[in-house]
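Open the model in your viewer and keep the sequence panel beside it. This tour tells you what to select at each stop and what you will find there.

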Amino acid sequence: METETATRQICRGWAARDPSGFLSPYEFSRRAVGNDDVWIKITHCGVCYTDVAWSRNIHGHAKYPIVPGHEIVGIVKDVGQNIGCFKIGDYVGVGTFVNSCQDCESCNEGLEIQCSRGLVGTYNSIDIDGTITQGGYSSFIVVHQRYCHKIPDNYPLEKAAPLLCAGITVYAPMKRHKMNQPGKLLGVIGLGGLDHMAVKFGKAFGLKVTVLSTSISKKDEALNSLGADNFVVSSDEQQMKDIARSLDFIIDTAYGDHPFDPYLSLLKTAGVYVLVGASSEVKFSPISLLMVPPPPFITKGPKRIYDSELEESPEDGRAEE
Ligand SMILES: [Zn+2]
Ligand SMILES: [Zn+2]
């Protein structure tokens, strides 16, 4: 029993301690299981680029030591008194946030990601009790049931983990903007992580998927491993011209800076462009939303640009419930 008690109290993780981002073993404690909490033994955790960004303090707000990881899956080992929807042994997941005010208009509408009083990230955030949250590169986590998501029994947990951030980041806007109409044409910019999900969801929805990448070296992976229908080298003007005004949707997953106008020219009239990557700035000519440059301009608007919303709208139903 001593071993079990110790396991419950001392969380063993991997932490970055400075902007080198180097991860080393780190022991810390988590809060005791409250009435609304679920105690999860973590079995797997996805690796997200955000983990690298925070560990290396790229955004300048790192609170070291940082235990990264917000694609967490595991098995429920204990529950608080008020827990009705989870039981010991359940497969569950935790995504990019672990708390919010639970009382503002957004929270009451099930849009906690837009909490007006501030969302508490799964790591590197200050929780309501003043502690700094720590993520899933660790042995267990205690989380309020509201931010815990059921994973179907017998679903392979290692495959579920990437859905908790990368998956929902592309799935939510795809559902919201009706990118699930079989036969429509989807362009996916980039090929690293989010875009794997975008290609796979696109194919599952029956879309015809074109991967756009600056690197021809990604072609084999795009077509043969992920099952995309077409591959275009985006720096090749002729290849881009060949698919001008042909796409219904574009999901832009690129992390680096890139021009937007050439991609907007690929959209059909009223096409939808969803931005889920993290360019340092978004710069395009307003005319790209209305017409197809260069002269003679062809009217092809209005096109629409959105960001990722990380969460489905309530009318779509919650992603994990
Ligand atoms: Zn992430
Ligand atoms: Zn709120």
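**Stop 1: helix 5**

Begin by selecting A166, G167, I168, T169, V170, Y171, A172, P173 and M174; these residues of helix 5 are buried. Keep in mind that you are looking at a predicted model. Now widen the selection to residues 166–176, the whole of helix 5. This helix is mostly covered, with nine of its eleven residues buried.

**Stop 2: just past helix 5**

Step along to K178. Just after helix 5, this residue takes a positive phi of about 55°. K178 does so although it is not a glycine. Look at where K178 sits: in the loop between helix 5 and strand 10. Is K178 buried or exposed? K178 has 12 other C-beta atoms within 10 Å. A residue with 12 or fewer counts as exposed, so K178 is exposed.

**Stop 3: helix 6**

Select residues 194–204 next. This is helix 6, and eight of its eleven residues are buried. That is why helix 6 is largely enclosed by the rest of the structure. Colour the buried ones: L194, D195, H196, M197, A198, V199, F201 and G202.

What do the buried residues of helix 6 pack against? Show helix 5, strand 10 (185–189), strand 11 (208–213) and strand 13 (247–252), for these are the elements they pack against. Then move past the end of helix 6 to G206. The phi of G206 is positive, near 85°.

**Stop 4: where helix 5 meets helix 6**

Show helix 5 and helix 6 together and hide the rest. Their axes come within 8 Å and cross at roughly 45°. That angle makes helix 5 oblique to helix 6. The crossing of the two helices is right-handed.

Turn on the side chains at the contact. From helix 5, pick A166, G167, T169, V170, Y171 and M174. From helix 6, pick L194, M197, A198 and F201, which they meet. What kinds of residue make up this contact of helix 5 with helix 6? Eight are nonpolar, two are polar and none is charged.

**Stop 5: a five-stranded sheet**

Bring the rest of the chain back and look for an open sheet of five strands. Its strand order is 8-3-4-5-9, and the pairing is antiparallel. Which strands stand at the edges? They are strand 8 (140–144) and strand 9. Each has a single partner strand, so one side of each is left without a neighbour in the sheet.

**Stop 6: strand 5 and its partners**

Stay in the sheet and select residues 91–94, which form strand 5. Both faces of this strand are covered. Y91 and G93 are buried on one side, and V92 and V94 are buried on the other.

Add strand 4, residues 72–79. Strand 4 and strand 5 run antiparallel and are joined by four bridges. Follow two of the residue pairs across. G74 has V92 in strand 5 as its bridge partner. I75 stands opposite Y91 in strand 5.

Now add strand 9, residues 149–150. Strand 5 and strand 9 also run antiparallel, and two bridges join them. Here G93 stands opposite H149 in strand 9.

**Stop 7: two backbone details**

Go to Y64 and P65 and show the backbone atoms. What joins Y64 and P65? A cis peptide bond does, with omega at about -5°. P65 lies in the loop between helix 2 (49–55) and strand 4.

Next, select A270. A270 is found in strand 14, residues 267–275. Its phi is positive, about 60°, although A270 is not a glycine. A270 counts as exposed, with 11 C-beta neighbours inside 10 Å.

**Last stop: the whole chain**

Zoom out to the full chain. How many helices and strands are there in the chain? There are ten helices and 17 strands. The chain has 321 residues, of which 39% count as buried. Finally, consider contacts between residues at least 6 apart in sequence. Of these, 62% join residues at least 24 apart.

Technical notes: Residues are numbered from 1 along each chain as its sequence is written. Chains are lettered from A and ligands numbered from 1 in the order in which they are written. This is a predicted model: local features need pLDDT of at least 70, side-chain atom pairs count only at pLDDT 80 or more; totals for chains, interfaces and linings use all residues. A residue is buried if 20 or more other C-beta atoms lie within 10 Å of its own, exposed if 12 or fewer, and partly exposed in between; C-beta atoms are placed from the backbone. Two strands pair if DSSP finds at least two bridges between them. Two residues are in contact if their C-beta atoms, placed from the backbone, lie within 7 Å. Axes are lines fitted to C-alpha atoms, for helices over the stretch in contact, and angles run from 0 to 180 degrees between N-to-C directions. Angles under 35 degrees count as roughly parallel, over 145 as roughly antiparallel, 65 to 115 as roughly perpendicular and the rest as oblique. A crossing is left-handed if the near helix is turned anticlockwise from the far one by less than a right angle, and right-handed if clockwise. Ala, Val, Leu, Ile, Met, Phe, Trp, Tyr, Cys and Pro count as nonpolar, Asp, Glu, Lys and Arg as charged, and the others, Gly among them, as polar.
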